[in-house]
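Q: Please take a close look at one part of this protein and describe it for a reader who has not met the structure before. The part of interest is the place where the domains of the protein meet.

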Amino acid sequence: VESIGPGITECKAAVAWEFNQPLVIEEVEVAPPQEKEIRIKIVATGVCQSDLYFLSKCSNQTAFPVVFGHEAAGVVESIGPGVTEFQPGDTVIPLFMPQCRECRLCKSPKTNLCVNGCPLRSFERSRISCRGRKLLQFLGTSSFSEFTVVKEMSVAKIDPAAPLDRVCLIGCAICTGYGAAVNTAKVEAGSSCAVFGLGAVGLAAVMGCKAAGASRIIAIDINPDKFEKAKVLGATDVVNPNDHSRPIQQLLQEMTGGGVDFSFECIGNVEVMRSALESCAPGWGVSVIAGWTDMENFSAPPIHLMTGRKWTGTLFGGEKWISASEPAMVKAYLDRKLMVDEFITHNLRLEQINEAVELMKNSRIRAVLSVSPQ
């Protein structure tokens, strides 16, 4: 890393030049932060299925060239004019779900959305350039770079004692799944739950169900290699749909005497979303969509809802982080009340980004990239 001009930093980044092509490690230039912006040295970043989705599945909604990455942790390197809540040296997690704290949504306790936040298909102009071209920024973050510039409202300060190569996962997957259970579904003590998909989000949902006191947690995946980790995080039962001839929702209804109290779709598959809904008990069952997709529409017979089931969704698990406060999830991890280390299956360097992508394609749970030394 070196400065090559007034405030400009030259560093490495993994650049996606084209759809569904390997990322390229490039020397990039990162401009200084402007009004109410912060330049962060990214220490570690997770590789999330959402990055893969826009890189290799969703060609009609992805713009190039772009720097992906949104599940990260780092240190504030410099601040722009008007920044009041952060100083260089602060340990932070960048947020793909920012909060301006001034709009109608931010002022409501009912949601973690923000009118002024970046859209979830956001590919905006960034402060990062390469070969004379401005690179686009993914979800206002772009953490596959040694340095990135984000808006002040897209940053949360955390305890400097937190190991950044672990708590980076709190910046997306763990909050999404855990919060789906605790915040969105409001899982009740003694209840039964079914979690469809045991990636990082699904495993976090299992952990959230256990924390909420669920007495039965059924973890579902077609990859049995994930079952042992699901049990460590709280699953009481594991089911591989491929081992059964009847539909999974029918099996779950039989296992639970009529359906589970809560179900969670953590894949982003519209067919599984319907299965998750139909696995719920009539009268009160709640099914939460936590898996991301916007390529297809989902549907179900209205009678499923008319008979009392509820179908809802969640983004970032409903977690509402205010920039000046320490996220409770990081504190819970430091207090050993939240498991994070158990999610990490591979530790790699930024230069191994394409290896991490292939690991994710092959259903590994989470690869964490070391980007810069802390």
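A: The following account treats the domains, the interface between them, and then one pocket. The model is a predicted one. The protein is divided into domain 1, which comprises 2-171 together with 321-370, and domain 2, which spans 176-315. To the contact between these parts, domain 1 contributes 22 residues and domain 2 contributes 18 residues. Measured in the usual terms of such descriptions, the size of an interface is often given as the accessible area lost when the parts come together. Here, about 1,700 Å² is buried between domain 1 and domain 2, and carbon and sulfur atoms give 68% of that area. On the side of domain 1, the residues that lose the most area to domain 2 are Y53, F343 and I365, which together account for 32% of what that side buries. As for polar interactions, 4 residue pairs are in polar contact between domain 1 and domain 2, counting pairs with both residues at pLDDT 80 or more. Salt bridges across this interface number 0 by the rule applied. The centres of the two domains, taken over C-alpha atoms, are separated by 29 Å.

A further feature is the second largest pocket, with a volume of about 300 Å³. Its lining consists of 13 residues, of which K36, C100, E102, E152 and M153 are the closest to its centre. By class, this lining has 8 charged, 3 polar and 2 nonpolar residues.

Note on methods: Residues are numbered from 1 along each chain as its sequence is written. This is a predicted model: local features need pLDDT of at least 70, side-chain atom pairs count only at pLDDT 80 or more; totals for chains, interfaces and linings use all residues. Side-chain values use heavy atoms; hydrogens and water are left out. On a 1 Å grid over the protein atoms alone, a cavity is a set of points where a 1.4 Å probe fits but cannot get out, and a pocket is an open set with protein on both sides within 12 Å along at least five of seven lines; lining residues have an atom within 4 Å of a point. Grid points are joined across faces, edges and corners, and a volume is the space filled by probe spheres set on the points. Ala, Val, Leu, Ile, Met, Phe, Trp, Tyr, Cys and Pro count as nonpolar, Asp, Glu, Lys and Arg as charged, and the others, Gly among them, as polar. Domain bounds come from an automatic or database domain assignment. Contact means heavy atoms within 4.5 Å. Buried area is the accessible area (1.4 Å probe) that two parts lose on being put together, summed over both. A salt bridge is a side-chain nitrogen of Lys or Arg within 4 Å of a carboxyl oxygen of Asp or Glu. A polar contact is a pair of N or O atoms within 3.5 Å; within protein, one must be able to donate a hydrogen and the other to accept it, and residues adjacent in sequence count only if both atoms are side-chain atoms.
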